[in-house]
Structure formats: structure tokens, C-alpha cells
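Please open the model in your viewer and keep the sequence panel beside it. The stops below say what to select next and what is to be found there.

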Amino acid sequence: MFNLIMRSVPWNTGNETMEVGRVFEYTEDSVADQFRTADGIDLDSLARLPCLFMQEGTGDEIAYVGSIIRARIVNGEVRFEYAIDPDVAPLRNILIYANRHSLDMPRDFEFSRNHWAVKEVDLYRFLLRNAQPRRQRPTVFRIEDHENIEPTLASAMMPFDAGFNEVYGAIQLAAENAGLYCRRADDIWENPAIIQDVVSLIDRSRVVICDCTGRNPNVFYEAGIAHALGREVILVTQNEGDIPFDLRHLRYVRYLNNAEGRAALSAALQGRMQTILGH
């Protein structure tokens, strides 16, 4: 069994309330009776069950697995403290909705009403069968538990050098013509550490363009991150010898850094991006 607690707000405070009258909604009577006492609700027994904390909705809302630390009834409300299990990756409601019958949640209205239900389902068995494992956590930078790719975002990984400004302009033009917008890490400042801005940009990108010209170690590192995160990576270079040995089996775009060469680069990148996007 598990507690299903649905609220209209995100689960980020550690404390919440629920009207007593909404406890055991969408719960089979035979299950609810196990947690009723002569005085009302057996909160101690409920607190021993695992919990699925959900925000109303059937889309990209985030649900968490955790537990009730303590609970009491005050003025017709159950006031409770809760903890999120850090070892269980958060879930998106869209996954839960797709598997709602497995969790004894067959009624759509259950996803749009504050309530506290008890489900006679093995929550951890469900997680083993359906949930994605938590992403491996790096120690040098941070990645989110869930991918959050922006479908129109491309990013350019290249040396921070004025000699590449017009190349970056050609890449931006290609992205724009393909229906994307392109950013570089030096366009943003969202985190104290530059590496975190770089990784966050890569992680959100639909397409990552890496310019290997000059064998810049930062670009190689960023290309490795992009490949590890499963992003669509397009390699470009002015010199084919600058492509690392381990990547020479991949296709790349060679270009000349002059007006004609940059125009050809832009056209080639536009075509490749349109192919990736399915245009």
C-alpha cells in the first residue's frame, strides 16, 4: 500500500495540510477501514506507508516519493511534515497518468482534486517496472534529475576568441533559418561557475554545434559532455586534422573562415539541423 497525496501546489516546503474530509477520497472502503479508529483516522499507521506526493495535472508536473514524518489533526485539517526520498528519482505526471490503472487511479478527476488516498498497490514494484533510474550525479557540475530540452534551442561550443565571432554569426543564421535560436555560454550568466552555465546550456539544447578548430581542450570537453547527455552533436572545423582521433568516425563539416566559406558552413548546418528536426 501507499499514500497518494495530491495538492495543487509544488511539494517544496516540507509541511502541508489536507482537509480531514478529503482523506480516503478515491480509496476502496475495505482499505480505508484499516486506517479508521473509533476516534477518527489512524495517522500513525498511515505514516508508516510510503507516499507519492503529486501536484495536480497530467503533464510535466513533478511527483516525488517520500514519507510522512509526523501528522496531527488541528481544526479539521491534517497537518503533516514530510520528507522526499533522495534516492528515488522524481516522476513526471505524464508517466503516472499513462500508467494510472496500475496505480489504481482510473478516474481522470483524481488528477485535478486535492485529496489523500490510500492505494492497495506496491509502489516500489511499480517504480522498478516503470520509472527511469536517477541520472548519475557528476561531482564537478550539476545536472537536473529530468531532461528539460528546449525544442528550439541550439548551442555553439567554440573558442572564446574574436576570430570566431563571424563563424558564430554564421551558426546563428543557420539555426534561425532552421527554426531554432542559438546561444553560446558567454551569452548567459546564470551560475557562479562558468562550467555550470556551459553544462546547463548543453543539457537544455536540442542541437549542439562544436567547432574543433585549433583543438581547443574546452571544446573537446564540451563535446564529450554533449555526447554523454545524448544530444545531437554537429562537429565543424577549419582543419580536418583538428578532429580528435576518437571522433573521426563521425561526420563533420569542414569550412573556410572567409565570407564564402562561412556562407557554405551556414547552408550545411541549416540542412543538417533541418534533418535532425525532421523538416
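Begin by selecting Phe 53 and Tyr 64, the latter in strand β6, which stand opposite each other. Before going further, note that this is a predicted model, in which local features need pLDDT of at least 70 and side-chain atom pairs count only at pLDDT 80 or more, while totals for chains, interfaces and linings use all residues. Residues are numbered from 1 along each chain as its sequence is written, and side-chain values use heavy atoms, with hydrogens and water left out.

**The strands around β6**

Extend the selection to β5 (residues 51-55) and β6 (residues 62-74), which run antiparallel and are joined by three bridges. Strands here are DSSP runs of E with at least two residues, helices are runs of H or I with at least four, and both are numbered from the N terminus; two strands pair if DSSP finds at least two bridges between them. Six residues lie between the strands of the β5 and β6 hairpin, where Gly 57 takes a positive phi near 135°.

Next, add strand β7 (residues 77-84), which runs antiparallel to β6 and is joined to it by eight bridges; within this pairing, Ser 67 has Ala 83 of β7 as its bridge partner. The hairpin of β6 and β7 has two residues between the strands, and Asn 75 in this hairpin takes a positive phi near 50°. Strand β8 (residues 91-92) also runs antiparallel to β6, with two bridges joining them, and Ile 62 stands opposite Arg 92 of β8.

**Aromatic pairs**

Now show the aromatic side chains: the structure holds seven aromatic pairs, where rings of Phe, Tyr and Trp (its six-membered ring) pair if their centres lie within 6.5 Å, and planes under 30 degrees apart count as stacked, over 60 as edge-to-face and the rest as tilted. Select Trp 11 and Tyr 82, whose ring centres are 5.0 Å apart and whose planes meet at 80°, so the pair is edge-to-face. Because Trp 11 lies in the loop between β1 (2-7) and β2 (15-19) and Tyr 82 in strand β7, this pair ties together parts that are 71 residues apart in sequence. Both Trp 11 and Tyr 82 are buried, a term that means under 20% relative accessible area, with exposed over 50% and partly exposed in between (1.4 Å probe, protein chains only).

Which residues form one aromatic cluster with Trp 11 and Tyr 82? The other members are Phe 53, Phe 80 and Trp 116.

Move on to Tyr 97, which is partly exposed, with a relative accessible area of 22%. Arg 100 lies over the face of Tyr 97, at 4.0 Å from the ring centre; a charge sits over a ring if NZ of Lys or CZ of Arg is within 6 Å of the ring centre and within 35 degrees of the ring normal. Elsewhere, select Arg 184, which lies over the face of Tyr 168 at 4.3 Å from the ring centre.

**The two domains and Gln 196**

Colour the chain by domain: domain 1 covers 2-131 and domain 2 covers 153-277, with bounds that come from an automatic or database domain assignment. The C-alpha centres of domain 1 and domain 2 lie 45 Å apart.

Finish at Gln 196, in helix α6 (residues 194-204). Is Gln 196 buried or exposed? At 7% relative accessibility, Gln 196 counts as buried. Leaving aside neighbours within four places in sequence, Gln 196 is in contact (heavy atoms within 4.5 Å) with Phe 141, Arg 142 and Asn 191.
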